[in-house]
Amino acid sequence: MFIKKTFVALSSVATATIVIWSLGCAKMDMTTTTAPVNIIEGIFDTPLLIPTVLNPQNLVLEAKTTPATWLQGKISPNTQLFNGSLPVIRANQGDRVNIDLKNSLTEATNIHWHGMLIPALMDGHPKDIAAAGAQRNYNFAINQRAATTWFHPHPHMATGKQVFNGLAGMFIVNDAIETALNLPSGEREVPLVISDKRFNADGSLHYAPTMAEVMTGYFGDKSLINNVVAPFLNVKTRFYRFRAVNASNARIYDLALSNGANLIIIGNDGGLLEKPVSLTHALLSPGERLDILIDFSKMSVGTEAFLQSNANSIANHGATTFKMLKFKVNAAENETFSLPTTLSTITPISISDSKRNRAFALPAAHAMTGGAMHTGMHTINGKAYDMNRIDETVTAGDTEIWEIDNSVGDEPHPMHLHGVQFQVLEKTGGTIQPYEKGWKDTILIQKAEKVKIIVRFPTEKGVFLMHCHNLEHEDDGMMMNFEIK
Ligand SMILES: [Cu+2]
C-alpha cells in the first residue's frame, strides 16, 4: 500500500509538508496535518478479560475474521482474532511446542513468536507464510529462561493491519528459578495486553493510515487492555503480578499509577531482572514487555487507583495523560508474600567477546528521499526491506556489537531483533533505564539517540529479521534480513 512512494520534506510531526514521487515520475505537493491522536477515556465499568491459559503441546490456533464487540452495543465485523479471543499460552522451559496455525482468513498470515529463541524456520519470517485457507505447523523446544513473550502475525506489509485488527497473544515461559521465588500467581498473576484502537461510527475497526500516519505510526483514540476498552479489575490488599506487553502499533506508554504509588519492576523482555526496581513510571514501547508487581496491601478497601500513561513529549507526540485500567481494592486479605531482594543472575556478555561492530543508520524523516527506484520511505542503512535480500551475514555463535543510530531521526523507533536476546551497552541520548538492563529483544531508540547492543547469535543457521516495531514503519520498509551462517 505504501510501497513505491517517497516522502520528503516532513518538517515536523504537527504540520507536515509532504512531497510525493510516484516511482520517479510525477511529483505532487501536499500539506497535511497530524495532530497527536489522544485517548478518549472510557468509563471503566467493564471487567478486565482474563484470558484462558492454553497448553501449546497440541494446540490449534485459528486465525479468523470474527465479529466482535469492542464498543458496547456495536458489532465489529472486521475483527481478526486467534481462536475468537486473546490466547495466552503457558509452558515450561524444556517443553516441546506443537501448534498448528489454521489460516481461515482470506489473506496470507503467519505467526512470529516474539522473544522466543527458536530455529529460523519456526520464527515466522514473512517468507514463511500460510496462504489463505492453508495451515502451518510450529514445532520447537523451549530453550530459554522464564520470560513473558508474545506472538503476532508477520506477513509482508500486512503486519500492522492484522495486529491492529486483533491478531495477537501472550506466551509465558516458566522455569524453576522463577517458580522458587513464589511470585504472586493464580488470580494475582494478570496478563496485560495493551493496545490502542480506532473505530468507525458503526463500531467496526478503522485501520487506514494516512501518509502522515505512516510517518508517526498509527494511533488509536481508545485504550484497551486484553481487548477491553476502559476495563476495571477488583483486587485484594495484596501484591499482584502484571505481565504487560505493548501490542499497540505505534503508541509508546509511560506507565504509572494514578495515586503515585510505585511500580515494582521485576522483569522485561527476556525475563527476570537481577533485582526488583521501584519506579513511579516506566516507558513501554511497541513489542516490549514489563513484568510489574503492584503492592495493593498499602491501599485500603474502597480505594480506586488507575494504571495510566503519563504525558510524555519524547515518546508520544505530545499525547496527554490518560487512564488505562481501574483497580478497585474491594477485599482485605492477609499478605504472606515478601518481595525478594534478588530475582535472578544475569551474566553480562563480555565486550571482549565481540568479533565485529556493525552500524545501522535510521533515517531522518526529512531525508527519506532515496532514489527514484526507492521502494519505501522507512529504511535501515538507506535500504527499504527486500524479502529476498540478505543485508547482513553473521557467523553462527559469534558475539557482535551493533550500534543503531537514530541521531538524525525525528521519530522514536523500537528496534526488535528476531532469534536473540541481547544486552544494552550504551545509550548516547540518556541513561540505560533499570528495566532496559538484563535481556532484551526490543529497545526503544528515541529521537537523536544512538544505542549500542551486544548480541550473542545462535549457533543454528538461518535468516532472521531486525526491524522497527512501530508497525507502520515496519510495513513501510524499516526492516532487514540477517543471515546466520
Ligand atoms: Cu520506527
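**Exercise 1.** In this predicted model, sort the residues lining the second largest pocket: how many are nonpolar, polar and charged?

*Solution.* Start with the whole lining, which has 15 residues. Nine of these are nonpolar, two are polar and four are charged. To find your way to the middle, look for E274, I346, P434, K437 and G438, which lie nearest the pocket's centre. The space inside comes to about 310 Å³.

**Exercise 2.** Work out where the second largest pocket lies with respect to the domains.

*Solution.* First, check the strands: β21 (271-279) and β30 (423-427) are the elements giving two or more residues to this lining. Of the elements, β21 gives the most, with five residues. Next, go up to the domains: domain 2 (186-331) and domain 3 (351-484) both supply lining residues, so the pocket lies between them.

**Exercise 3.** Now describe the largest pocket: what is its volume, and which strand gives the most to its lining?

*Solution.* The volume is about 550 Å³. Around that space sit 24 lining residues, with L117, N143, Q144, G419 and P458 nearest the centre. Strand β11 (residues 135-141) gives the most, with three residues. By type, the lining splits into 11 nonpolar, eight polar and five charged residues. Domain 1 (46-179) and domain 3 (351-484) each provide at least three of the lining residues.

**Exercise 4.** Find which residues coordinate the copper ion, then decide whether C468 is buried or exposed.

*Solution.* Pick out the donor atoms: ND1 of H413, SG of C468 and ND1 of H473, at 2.0 Å. Along the chain their spacing reads H-x54-C-x4-H. Then turn to accessibility: buried means under 20% relative accessible area. C468 has 0%, so C468 is buried, and H473, also with 0%, is buried.

Key
Residues are numbered from 1 along each chain as its sequence is written. This is a predicted model: local features need pLDDT of at least 70, side-chain atom pairs count only at pLDDT 80 or more; totals for chains, interfaces and linings use all residues. Side-chain values use heavy atoms; hydrogens and water are left out. Donors are N, O and S atoms within 2.8 Å of the metal (3.2 Å for Na, K and Ca); water is not among the atoms, so sites may look incomplete. Buried means under 20% relative accessible area, exposed over 50%, partly exposed in between (1.4 Å probe, protein chains only). On a 1 Å grid over the protein atoms alone, a cavity is a set of points where a 1.4 Å probe fits but cannot get out, and a pocket is an open set with protein on both sides within 12 Å along at least five of seven lines; lining residues have an atom within 4 Å of a point. Grid points are joined across faces, edges and corners, and a volume is the space filled by probe spheres set on the points. Helices (H or I, at least four residues) and strands (E, at least two) are DSSP runs, numbered from the N terminus. Ala, Val, Leu, Ile, Met, Phe, Trp, Tyr, Cys and Pro count as nonpolar, Asp, Glu, Lys and Arg as charged, and the others, Gly among them, as polar. Domain bounds come from an automatic or database domain assignment.
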